[in-house]
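Reader: I would like a close look at one part of this model, the open sheet and what packs on it, followed by whatever else in the backbone and the helix packing deserves attention. Please take the elements one after another and keep the numbers with them.

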Amino acid sequence: MKSQSNTMRTTIAWLAWLIGAGLLVWGLFLPDTTLWRLILLTGLFLLSLVPRTYIAAWPQQEQRTLLRVSLVMSLAFLAVALQLVRGQFTYAGPIREQVLAYIQPSANERPDSATDVRLADREALGSGKVWPVKLEQPIRGSISDRSGTVLATDQNGKRLYLNGELAHIIGFDSRLYGKTGIEASYDYYLSGDYSISPSDLLRARLLGTQIPAPQAADLQLSLDMRIQQVAQEALGNRRGAVVVIEVQTGAIVAMVSYPRFDANQLILPPDASQADLEAVQAAYAQIIGNSESPLLNRAAQGRYPPGSVIKTFTAAAALDTGVMASPKAPITCPNRLRVEENTPLVRNSVENLSARTGNPSDLERVFAFSCNTAFAQIGLSLGANNLLEYAQRFGLGLVERPLEPMLREITTEAGTIANEASFLDRPAALADTAYGQGQALVTPLDMAQMVALIGNNGVMMRPYLVERVTAAGEILYQAQPEALRQSISPQAAQAMIEVLRRSVEIGYAKDIALPNISVGAKTGTAETPSGRPHAWFVALAPLEQPRYAIAVIIENGGEGSVSALPVAKRVLASAFGVTP
Amino acid sequence: MQTSRRLQWLTSRIVELELLTTAFLVLFGGLAALTLTKSVLISTFELGMLGLFVLIMYLTSFAMAWRGWGENQVILPMAALLASCSVIMLQRLGPDLLARYGEAYQQIAFKQTIWVLVGTVLAALIIFVPWRIYWLRHYRYTWLLLGIVLVVVTIFFGVERNGARLWLNLGFLQFQPVELLKLLLVIYFATYLDDHRDLIGLGHYRIFGISLPPLPYLLPLVLMWGLTMGLMIIQRDLGVALLFAIVMLTMLYLVTAQIGYVVTGIVLFVLGAALIYPYFGYVRIRFISWYNPWFDPSGAGYQIIQALYSLASGGLFGLGLGQGNPASVPESHTDFIFTSLGEELGLLGTLAITGCYLLFACQGYIVALRARDGFQQLLAAGLTTALVAQAFIIMAGTTNLIPLTGITLPFVSYGGSSMLMSFVIIGMLLRISASNKPAYVL
């Protein structure tokens, strides 16, 4: 009778054990922490019933207390183990996302990149690189332009920027504020770290041997300081940017952004006094506090509405898909166009534009005179899917799904055609986007790239700034032109060159014409919420064998043909050595 | 035949030798991994110290084998393994902490290596110097007095850090007296309870119709309550208060075998905590940031959220030594070293360490079970509980299983006092576990 009740008890205990184990496994996947704690307590209690029946039947009575104590301790560690399984395995993802969402609110929308941003997010202070092995500090490498003009060098242990206007590109190497720009992205070479052999380092760490002094390498940029200087002077003290790209290679020849700052202000001398420190801090505070954001490299990071220059993209897409068969393909340019009920009519910036374009007109002429109603129709014929597809081919993504910036060497923003794909589902939005309103935001670099690929048989090249890295006459790195994709067919590119040429011959861009150099161009005037519109201008030259693509923006500069065009004209004239 | 018999002692502690070798493989494997992945320089001197540590451990093992007293074979390797994890992790955290917080963190790995070495020597001394266990009973009031003096001195001359006054500045080191107090308390309590074991059959007092336990059992309960409340209110040290409560209740239960005392003790402890809850912000903060860390993610909950994130990013296999960013958790080298290990070694690593302490607990209680008299049994159980309960409190606290109360992880956290006391505890456990020890050390 007694043994029967014992068997009964044991069976019940084992059943409880099973239930407890099941509960715990279930609880491991529960999102609710409070519920999990309750389940953990209950589950562990149920699990404990089996060992307790055995302890109760233990022959040495005086040892039972000790066994019970060990049981409690074991359960306590089991609880820790289960908590760890939940925190590190079954429920680790949600915990990480919750923290990420708090640190970076947009992280939730981009689960793919969650793993990439993880370390950078947490590393606000930056543990940085630590070389506990004593290394001799070499003199930091110099940076020069493509013809060898030195732009940055070390003088008496202090970094000196001979052309203080290049801080957006070269960046700075400041003991107080870290490294930026090329100084940061090519630090591996400039600091000489590349010359430390991993096996030497390992040996030094293990055995304390000496490491040969690292050897710093020098950088040669793709910039042409001659053109860069002219571009800086031409832009003058107007907020804006100029980008000049070598069409065949993607080399950036000039990149100007205004307002700028002098990086020399942020450099501390090696034996800095308190006064030096305060001067640098004051300079930094002034740069940071400036409401015109001089730290922003407008050429690569400034995202602007494109205005009419985006018509170059729309026309290229239309020619490539066959929506427009040729530059002569007919299209109308009405004064008003109703795209959708209850939305504002599409209208041209000038009344009665068809007097200039002719009616019916063709692609060349509506492009030359920047006819909104014509490009609205082209956009509608292209359709949302085509427009999105070509935007991607031109390096323009969506805010909800941004593309990688093409330029990797300095901080760069990638342009976007719309905030989300569904925006383009509305015909009115599609039409607006096609002629330059809507949600698109692009950088001057994006627009220069757009024109450059037309001049390069439709192939988009990766833009780059560093031409080569050398040390003691030896070339350590040589930029290799990298074709990103065939964005449009060579035929469509050729047709687009004709369209751009006619834009200068008969259209708004005719003032860009240079002696002996054939130029193709497009003006743009981008509406802004307040103030005068932004002035845009893009151009390609010479059209027979395109060499340079240029994009100019002047913030609140008004008409593109009035303010931005002369800047481009001066830069191109000097690049080709002609007098306008 | 005779030779083999004479050399038989060599193989008598083969389990310990194997386990020690495993622990040292972990140590040097971990250090090698660190030098390969992280820019960590382990100086020749440090390597020499670690070599000495390994040597002393092996020598201790061989000497115990030669002496043939039959000590437990698992406890020493367990300490060696945990101390190895500590050295590896501090070598890894050192540069990061230095870069983050500056000069105060100079050479923490080196200092920890020294403490491990000193601890090992101390454990060896306790194992081999023929002291008598009887002394622990005989000088009970000396221990009690010493404990009281320590508490008083800390209250008046202690150094405050992180809101808790727990340190004594001895010039060359900051000494944490509660660590020693923990040991003294266990010794005194074991003596006291063993003396009053016989009273177990006596009747109860009745006051106003309420049945009270016999005075000798009431007294320690009151003492426990007073001591823990004092710790909480005056020293603001919740972790140690909780640890003392657990140790004292466990020992009381072992003697009386009555769950009623434990329940009363827990009720008293909770009542005490509840009583000071409204008046002392630090208790409230601990409770709230346990219940919901997201209540104040950038303030009170910051540390625990960082710790949970650290663990979560470790995942199943960890990010790898030197690959994570554990230093972003405040106190990553002391109280939160467990989550640092969790980030880089993953769930497998944390489970292994949890398993280590569990195994340690089991071995400690086995030593208690096999002890030759009631006093040694109580002492062994008390010492084991003190060590593993401390591990539990901080492991459960940093994983947000229970409210976080700052206390070191024995053998692993950075800190000399804790490391030395942990080695003293294992030394004493080994002595108690020696089944063939001669009478002159009893």
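Author: What follows begins with the sheet, moves to the loops and then to two helix pairs.

The model is a predicted one, and its overall scores are ipTM 0.91 and pTM 0.58. Chain A, which holds the sheet, has 20 helices and 21 strands. Of the 580 residues of chain A, 46% count as buried. Among the contacts in chain A with a separation of 6 or more, 65% come from residues 24 or more positions apart.

The sheet itself is open and is built from five strands of chain A, taken in the order 8-7-21-20-19, with antiparallel pairing. Strand 8 (252–258) and strand 19 (520–526) of chain A stand at the edges and have a single partner strand each, so one side of each is left without a neighbour in the sheet. Averaged over the sheet and with direction ignored, neighbouring strands are turned by 5 degrees against each other. As background to the pairings described next, strands of a sheet pair through backbone hydrogen bonds, either parallel or antiparallel.

At one edge, strand 7 of chain A and strand 8 of chain A pair in the antiparallel sense over six bridges, and within this pairing A241(A) stands opposite S257(A) of strand 8 of chain A. The two strands form a hairpin with five residues between them, in which G250(A) takes a positive phi near 90 degrees. Is strand 8 of chain A, as an edge strand, mostly covered or mostly open? Strand 8 of chain A is mostly covered, since seven of its seven residues are buried; the missing neighbour on one side within the sheet therefore has to be read separately from the burial of the residues, which is counted from C-beta atoms, with 20 or more others within 10 Å taken as buried.

Elsewhere in the sheet, strand 20 (residues 534–541) and strand 21 (residues 548–554) of chain A run antiparallel and are joined by seven bridges. In this pair A541(A) is found opposite Y548(A) of strand 21 of chain A. Helix 18 (residues 444–455) of chain A packs on the sheet, where it touches strand 7 (240–246), strand 20 and strand 21 of chain A, and its direction makes about 150 degrees with that of strand 21 of chain A.

Some backbone details in the loops of chain A also merit a careful look. The peptide bond from Y258(A) to P259(A) is cis, with omega near 0 degrees, and P259(A) belongs to the loop between strand 8 and helix 11 (274–289) of chain A. Another cis peptide bond joins N359(A) to P360(A), with omega about -5 degrees; P360(A) sits in the loop between helix 14 (354–357) and strand 12 (361–362) of chain A.

Positive phi values occur in residues other than glycine as well. S293(A) has phi near 45 degrees, lies in the loop between helix 11 and helix 12 (298–301) of chain A, and is partly exposed, with 14 other C-beta atoms within 10 Å. In chain B, N400(B) has a positive phi of about 65 degrees without being a glycine, and its place is the loop between helix 16 (374–398) and helix 17 (416–433) of chain B. N400(B) is buried, with 23 other C-beta atoms within 10 Å.

Chain B averages a pLDDT of 84, and 89% of the residues score at least 70. Helix 8 (residues 140–157) and helix 9 (residues 177–195) of chain B pack at an angle of about 150 degrees with their axes 9 Å apart. Helix 8 of chain B and helix 9 of chain B are therefore roughly antiparallel to each other, and helix 8 of chain B passes helix 9 of chain B in a left-handed crossing. The contact involves, among others, W143(B), G147(B) and L150(B) of helix 8 of chain B and L181(B), L184(B) and Y188(B) of helix 9 of chain B.

Helix 11 (residues 238–256) and helix 12 (residues 259–276) of chain B have axes that come within 9 Å and cross at roughly 160 degrees, which makes helix 11 of chain B roughly antiparallel to helix 12 of chain B. The crossing of helix 11 of chain B past helix 12 of chain B is right-handed. Residues making this contact include L249(B), L252(B) and Y253(B) of helix 11 of chain B, and Y261(B), G265(B) and F269(B) of helix 12 of chain B.

How values were computed
Residues are numbered from 1 along each chain as its sequence is written. Chains are lettered from A and ligands numbered from 1 in the order in which they are written. This is a predicted model: local features need pLDDT of at least 70, side-chain atom pairs count only at pLDDT 80 or more; totals for chains, interfaces and linings use all residues. Two strands pair if DSSP finds at least two bridges between them. Helices (H or I, at least four residues) and strands (E, at least two) are DSSP runs, numbered from the N terminus. Axes are lines fitted to C-alpha atoms, for helices over the stretch in contact, and angles run from 0 to 180 degrees between N-to-C directions. Two residues are in contact if their C-beta atoms, placed from the backbone, lie within 7 Å. A residue is buried if 20 or more other C-beta atoms lie within 10 Å of its own, exposed if 12 or fewer, and partly exposed in between; C-beta atoms are placed from the backbone. pLDDT is the predictor's confidence in each residue, from 0 to 100. Angles under 35 degrees count as roughly parallel, over 145 as roughly antiparallel, 65 to 115 as roughly perpendicular and the rest as oblique. A crossing is left-handed if the near helix is turned anticlockwise from the far one by less than a right angle, and right-handed if clockwise.
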